[in-house]
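Hi,

Here is the model I promised to pass on. My notes on its charged pairs follow below.

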Amino acid sequence: MSDIAERVKKIVIDHLGVDADKVVEGASFIDDLGADSLDTVELVMAFEEEFGVEIPDDAADSILTVGDAVKFIEKAQA
Amino acid sequence: MRRVVITGTGMVSPLGCGTEVTWQRILAGQSGARLVTEFEVDDLPAKIACRIPVGDGSDGTFNADQWMEPKEQRKVDPYILYGMAAADMALEDAGWHPQTDEDQIMTGVMIGSGIGGLEGIVEAGYTLRDKGPRRISPFFIPGRLINLVSGQVSIKHKLRGPNHAVVTACSTGAHAIGDAARLIIFGDADVMVAGGAESPVSRIGLAGFAACKALSTQHNDNPEKASRPYDRDRDGFVMGEGAGVVVLEELEHAKARGAKIYAEVVGYGLSGDAYHITAPSEDGDGAFRCMTMALKRAGLSASDIDYINAHGTSTMADTIELGAVERLVGNAASKVSMSSTKSAIGHLLGAAGAVEAIFATLAIRDNIVPPTLNLDNPDVETAIDLVPHQARKRDVNVALSNSFGFGGTNASLVLKRYDA
């Protein structure tokens, strides 16, 4: 896993209180990790803070899985 | 008229997590006051508070993880956590876990708070100033709204009846119990989970109440001596924190399921001082009228009262309340015991009326009245027994609990032994 993926994973574990082995690339925040719509807003804010990127609302709406978040951040930082 | 009884109690207090542990420590004359060490107090005039003993859950300590998942805890201010814990305990104590649609729909929640999420609002203010609006958490609002104790409790326990929250400063807990009882009397619910929760012990909380000249500032070196209702050396209240919650139930509903009945809520009175934003009216008229109304509702006379759990905050207002009680009981003064449990646990603000109503209930159950600590030199002479220093065994069949709040808002509850 890339450094970004590791950091994303840690944020997800901390915020959603889920086991590390559930936080895989294809895991959906809402369907697999028990998040609700407010949790996902807070997750996006945590990603912004951690990586110093801005994630506009329309982009945030398309970040549904752990992999989506990693991809968005990798692209934003490229 | 439908009758309302108390079938469950729960409490998080500066003397412990749980009703019984708190009650035993109150009766033993223990104090929950201490120097505040969790945040900077050097520049505050009041450096002491009655704080919840935090620990692993053993020996009466409060372990937050037993009541709410850690990831949920960070989304709320502590008053919500305390209220959830007290409600869990009360429902467990009552043995009431509604499963059917009808039982869920006929069970409501009315848990208030005087202030709600004080510290969380301060923190969000710093975030807004330093990092901008995009960094305000989506949990900022739902973690600070006063009615979110009632909301969270209803979600956790699937209580789908009336969902309400009282906000009347230091009368909140008493008003919540009184108003919830009326919802049952009206038939809007058969069971109500009612009470108050507060978490004011913070720099902003101590600074704010100190600015109102409401807090004790002369006993910082001897915290356990600071809360001294009716004593000539009292100089303000000691801030407390926690929650008290009762399960109120329509009498026949409680009997039908064989529930344990602590006492009956027979009277409730309310009044306004219409005088000053923080001081009670000097003639004690608001207090007198609200006690009178509660007795009238109960169909009792003042001479029926055995015990009064006073508002008694350890401020100058103590003697105003005492004067109003003397006027109320008249020649029966010598048969009444009246104590302030704030001498032991401090002033829990919006939770005070609820935890104190529970103490009044337990005084009936156990035929014992809790003490007023630190009453070394009574400020005024009275024929009323103020229960100095030590708990006293005596018959208690009728108890009255007083709560008075900023804004001149008064509430009295009358509780009576239930004889099957």
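Buried here means under 20% relative accessible area, exposed over 50%, and partly exposed in between (1.4 Å probe, protein chains only). By that yardstick B:Asp385 is buried, at 16% relative accessible area, while B:Arg392 is partly exposed at 36%. The two form a salt bridge, with their closest N and O atoms 2.8 Å apart; the term stands for a side-chain nitrogen of Lys or Arg within 4 Å of a carboxyl oxygen of Asp or Glu.

Before I go on, the ground rules: this is a predicted model, in which local features need pLDDT of at least 70 and side-chain atom pairs count only at pLDDT 80 or more, while totals for chains, interfaces and linings use all residues. Residues are numbered from 1 along each chain as its sequence is written, chains are lettered from A and ligands numbered from 1 in the order in which they are written, and side-chain values use heavy atoms, leaving out hydrogens and water.

Over all chains, the count is 38 salt bridges. Another of them joins B:Lys335 to B:Asp306, with 3.5 Å between the closest N and O atoms. Here B:Lys335 is partly exposed at 33% relative accessibility, and B:Asp306 is buried at 9%.

B:Asp318 and B:Arg234 also meet through their side chains in a salt bridge (3.3 Å, N to O), and both residues are buried.

Finally, have a look at the network in which salt bridges with shared partners join A:Glu48, A:Glu49, B:Lys131, B:Arg134 and B:Arg135.

Best wishes
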